[in-house]
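Hi,

Here is the structure I promised to pass on. Have a look at it first, and then read my notes underneath.

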Amino acid sequence: MALEMAARTNLRLSGADSATLKLDTIKRMLAAQLVLVTLAAYAFARFEFPGRNVLFALVLMQLMIMPDVLIVENYRTMTFLGLKDTILAIGLPYMASAFGIFLLRQTFKTVPHELDEAARVEGCGPLATLW
C-alpha cells in the first residue's frame with residue numbers, strides 16, 4: 001500500500017514541473033533532429049554512393065505525403081517499440097525531417113568544393129569538415 005502511494009506521488013507533477021519536463025524533451029528532440037538532418041543533408045550533398053539519387057527521391061516523396069495518412073501506421077510502430085503514450089512517440093516519427101534535409105542539402109551544394117579540398121589538405125576528415 002505504501003509503495004502504491006509513493007508511486008502515485010512520484011507520477012504527479014505540478015504544472016511548472018510538467019512544463020519544464022516537456023520543454024526539456026522538446027529541446028532534446030530538436031537537437032537530435034538538427035544533428036540527424038545535418039548529417040543526412042551533408043551526405044546527400046557531398047558523398048557519391050550507390051543509390052544516392054533514389055534515396056533522396058524517397059526523402060522528397062516524404063514531403064508529398066500528408067502526415068494525416070501516416071497516423072495509424074506511426075501509432076502501430078510506436079506501440080511495437082513500446083513507446084505508446086510517451087512524448088518520445090510524438091516526436092520520433094518526425095526526427096528525420098524531409099524539409100530540413102532538402103533545405104540543408106541545397107545549402108551544402110552552394111558551398112564550393114574547394115573549401116572541402118582545403119580542409120582535407122589541412123588533415124580534416126569529413127566530420128571535421130562539416131563541423
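Below is what turned up, grouped by topic.

One thing to keep in mind from the start: this is a predicted model.

**The nonpolar cores**

Let's begin on the inside. The largest nonpolar core has six residues: Val37, Phe44, Phe56, Val59, Ala98 and Ile101. Three helices, α2 (15–46), α3 (52–64) and α6 (98–110), each put at least two residues into this core. If you want a spot to start looking, try Val59: leaving out residues up to four places away in sequence, Val59 touches Phe44, Ala98 and Ile101. There is also a second, separate core, this one of five residues, among them Ala41, Tyr42, Ala45 and Leu130.

**Aromatic pairs**

The rings are worth a look too. The count comes to five aromatic pairs. In one of them, Tyr42 and Phe47 sit edge-to-face, with 5.7 Å from centre to centre and 90° between the planes. Tyr42 is buried, because its relative accessibility of 9% is under the 20% cut-off. Phe47, on the other hand, is partly exposed at 34%.

Phe44 and Phe56 make another edge-to-face pair, at 5.3 Å centre to centre and 65° between the planes. Phe44 belongs to helix α2 and Phe56 to helix α3, so this pair ties together parts twelve residues apart in sequence. Both Phe44 and Phe56 are buried. Ring pairs also join Phe44 and Phe56 with Phe49 and Phe102 in a cluster.

**Salt bridges**

How many salt bridges does the structure hold? There are three.

- Asp116 pairs with Arg46, and their closest N and O atoms are 2.7 Å apart. This bridge links distant parts of the chain, with Asp116 in helix α7 (residues 113–121) and Arg46 in helix α2, 70 residues apart. Both Asp116 and Arg46 are buried.
- Glu48 and Arg52 meet through their side chains at 3.3 Å, N to O. Glu48 counts as exposed, at 68% relative accessibility, whereas Arg52 counts as buried, at 15%.
- Glu73 bridges to Arg76, with 3.7 Å between the closest N and O atoms. Glu73 and Arg76 are about one helical turn from each other, because they lie three residues apart in helix α4 (residues 71–80). Glu73 is partly exposed at 44% relative accessibility, and Arg76 is exposed at 53%.

**A nonpolar patch on the surface**

Now to the outside. Val54, Leu55, Leu58, Met61, Leu63, Met64, Phe99 and Leu103 form a nonpolar patch on the surface, and together they have about 820 Å² of accessible area. Which helix gives the most to the nonpolar patch? That is α3, with six residues. Helix α6 supplies at least two residues as well, and Phe99 is found in that helix.

Leu55 is a good residue to click on here. Leu55 lies in helix α3 and is partly exposed, with a relative accessible area of 40%; that value is over the 30% that patch residues need, so Leu55 can be part of the patch. Setting aside neighbours within four places in sequence, Leu55 is in contact with Phe44 and Phe49. The C-alpha atoms of Leu55 and Phe44 are 8.9 Å apart, and eleven residues separate the two along the chain. Phe44, as noted above, is a member of the largest nonpolar core, so following Leu55's contacts takes you from the surface patch to that core.

Over to you!

Technical notes
Residues are numbered from 1 along each chain as its sequence is written. This is a predicted model: local features need pLDDT of at least 70, side-chain atom pairs count only at pLDDT 80 or more; totals for chains, interfaces and linings use all residues. Side-chain values use heavy atoms; hydrogens and water are left out. A nonpolar core is a set of buried Ala, Val, Leu, Ile, Met, Phe, Trp, Tyr and Cys residues joined through side-chain atoms within 4.5 Å. Buried means under 20% relative accessible area, exposed over 50%, partly exposed in between (1.4 Å probe, protein chains only). Helices (H or I, at least four residues) and strands (E, at least two) are DSSP runs, numbered from the N terminus. Contact means heavy atoms within 4.5 Å. A salt bridge is a side-chain nitrogen of Lys or Arg within 4 Å of a carboxyl oxygen of Asp or Glu. Patches are made of residues with over 30% relative accessible area and no salt bridge: like charges are joined within 9 Å, nonpolar side chains (Val, Leu, Ile, Met, Phe, Trp, Tyr) within 5 Å. Accessible areas come from the Shrake-Rupley method with a 1.4 Å probe; for residues, only the protein chains shown count as cover. Rings of Phe, Tyr and Trp (its six-membered ring) pair if their centres lie within 6.5 Å; planes under 30 degrees apart count as stacked, over 60 as edge-to-face and the rest as tilted.
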